[in-house]
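Welcome, and please load the model in your viewer with side chains ready to toggle. We will go from stop to stop, selecting a few items at a time.

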Amino acid sequence: MKGKMRCTKCNEKAVISIRSRHRILCEKHFLEYFINTVEQTIRKYSLIKKKDKVLVAVSGGKDSLTLCDVLLKLGYDVSGLYIDLGIERQRYSKESRRKVEKFSSVKGVELNIVDLKKEYGVSVPLLARRSPRSVCSVCGIVKRHEMNRIAFNNNYDVLATGHNLDDEVSVLMSNLLHWNFDLISRQSPRLEGWHPKLSLKVKPLCLLTEKETAMYAITNDIDYMLYDECPFSEGSTSITIKEALNRIEDRSPSTKLYFYTEFLKHRSMFESLHDRSRVSDCEVCGFPTTSKKCAFCRIIERG
Ligand code: AMP
Ligand code: ZN
Ligand code: ZN
């Protein structure tokens, strides 16, 4: 961002250049654009209704805290959910929990906390050591299960996560590289709860980039985890894919936005590929599974 850049709307000093949308904006016009984009995303994909009880999964990173902040500004009935995964490396869980608790108390947001140690006597690194799966895979299973459990038990209408455009594009690319039709068919800003225990999941930041959510958090004085990539994700394929996509975007701005929005236009083609044929209810927790016990209950049992 060059020092002399001026807002294309009002000629004030610019804070951000958004090449993919051909915009250079001052703080006021950036915030207006950001909030409008979230509002339009919610409307376009029918993500949240005005009377919904919304549970926002907050990690302590810029995306989910920004999401919570914008939904509050838009007048939604919002509560937070933080899952303490017990990751001690770089004090990751302690620090992120502190950020979430601070944000909730400043904003007066009700916060649900699931502490894996207290709830199940385990941590994600411990579970991963006892499982053939990678840390990231175990962590994903735990987070998904606990998000659904809290949303279901507390009658929330919708579960919102802070996934941004960069996240969505890299997951889409990864799923395409593996031709994982089942996951491709389920990738959407709005995923209907297709089983009684699964809540509706929405991603209102899916058309905004990481750079934009960071700028929103900074200009709104949101205190977030600066290194919001988990210490275990270092060297992971998802980070390599993100880096490759960033290089492409750098060369051809708007590639990501085009790739993702065109996918959304045509994603109904993939819907019939969502394979629910072998799904039954987990005999321990009742959540959907393709075996007797769901992956979460099997992991916890081993832990
Ligand atoms: P990640 O899976 O780390 O890419 O995070 C994607 C989204 O999941 C975040 O934007 C949050 O909404 C949510 N999330 C991640 N970690 C946690 C956590 N420990 N507790 C609650 N929500 C989380
Ligand atoms: Zn301006
Ligand atoms: Zn289960």
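Begin by selecting Phe30, Tyr33, Phe34 and Tyr216: in this predicted model these four residues form one aromatic cluster. The structure holds six aromatic pairs in total. One of them deserves its own view, so to speak: Tyr120 and Phe296 are arranged edge-to-face, with 5.4 Å from centre to centre and 75° between the planes. Colour the helices and you will see that this pair links distant parts of the chain, since Tyr120 belongs to helix α4 (residues 116-120) and Phe296 to helix α13 (residues 295-302), 176 residues apart.

Buried or partly exposed: what is Tyr120? Its relative accessible area is 25%, so Tyr120 counts as partly exposed. Phe296, at 4% relative accessibility, counts as buried.

**Charges over rings**

Keep the aromatic side chains on display and add two lysines. Lys50 lies over the face of Tyr76, 4.2 Å from the ring centre. Next, pick Lys53 and Tyr156: the charged end of Lys53 sits over the ring of Tyr156, at 4.5 Å from its centre.

**The sheet**

Switch to a cartoon view and pick out the strands. Six of them make an open sheet with mixed pairing, in the order β5-β4-β3-β6-β8-β7. At the edges stand β5 and β7 (190-191), each with a single partner strand, so one side of each has no neighbour in the sheet.

Now zoom in on strand β4 (residues 77-84). Towards β5 (residues 110-115), β4 runs parallel and is joined by six bridges. Label Leu81 here, and you will find it opposite Asn112 in β5. Add helix α3 (residues 92-107) to the selection: β4, α3 and β5 make a right-handed β-α-β unit.

Which strand pairs with β4 over five bridges? That is strand β3 (residues 53-57), and the pairing is parallel. Select Val56 to find its bridge partner in β4, Gly80. While you have side chains switched on, keep in mind that in a regular strand they alternate between the two faces of the sheet.

**First zinc stop: ligand 2**

Select the zinc ion (ligand 2) and show its donors. They are Cys7 (SG), Cys10 (SG), Cys26 (SG) and His29 (ND1), at 2.0 to 2.3 Å. Along the chain these donor residues are spaced C-x2-C-x15-C-x2-H. The four donor atoms subtend angles of 101 to 114° around the zinc ion (ligand 2), which makes the arrangement tetrahedral. Try a surface view as well: Cys26 and His29 are both buried.

**Second zinc stop: ligand 3**

Finish with the zinc ion (ligand 3). Which residues coordinate this ion? Cys282, Cys285, Cys294 and Cys297 do, each through SG, at 2.2 to 2.3 Å. The site of the zinc ion (ligand 3) is tetrahedral too, with angles of 106 to 114° among its four donor atoms. Its donors follow the spacing C-x2-C-x8-C-x2-C along the chain. Pick out two of these donors: Cys282 is in the loop between β9 (280-281) and β10 (288-289), and Cys294 is in the loop between β10 and α13, so the pair ties together parts that are 12 residues apart in sequence. Cys282 and Cys294 are both buried.

Key. Residues are numbered from 1 along each chain as its sequence is written. Chains are lettered from A and ligands numbered from 1 in the order in which they are written. This is a predicted model: local features need pLDDT of at least 70, side-chain atom pairs count only at pLDDT 80 or more; totals for chains, interfaces and linings use all residues. Side-chain values use heavy atoms; hydrogens and water are left out. Rings of Phe, Tyr and Trp (its six-membered ring) pair if their centres lie within 6.5 Å; planes under 30 degrees apart count as stacked, over 60 as edge-to-face and the rest as tilted. Helices (H or I, at least four residues) and strands (E, at least two) are DSSP runs, numbered from the N terminus. Buried means under 20% relative accessible area, exposed over 50%, partly exposed in between (1.4 Å probe, protein chains only). A charge sits over a ring if NZ of Lys or CZ of Arg is within 6 Å of the ring centre and within 35 degrees of the ring normal. Two strands pair if DSSP finds at least two bridges between them. A crossover is right-handed if, with the strands pointing away from the viewer, the path from the first strand over the helix to the second runs clockwise. Donors are N, O and S atoms within 2.8 Å of the metal (3.2 Å for Na, K and Ca); water is not among the atoms, so sites may look incomplete. Four donors count as tetrahedral if all angles lie between 85 and 135 degrees; four count as square planar and six as octahedral if opposite donors are over 155 degrees apart and all others between 65 and 115; anything else is irregular.
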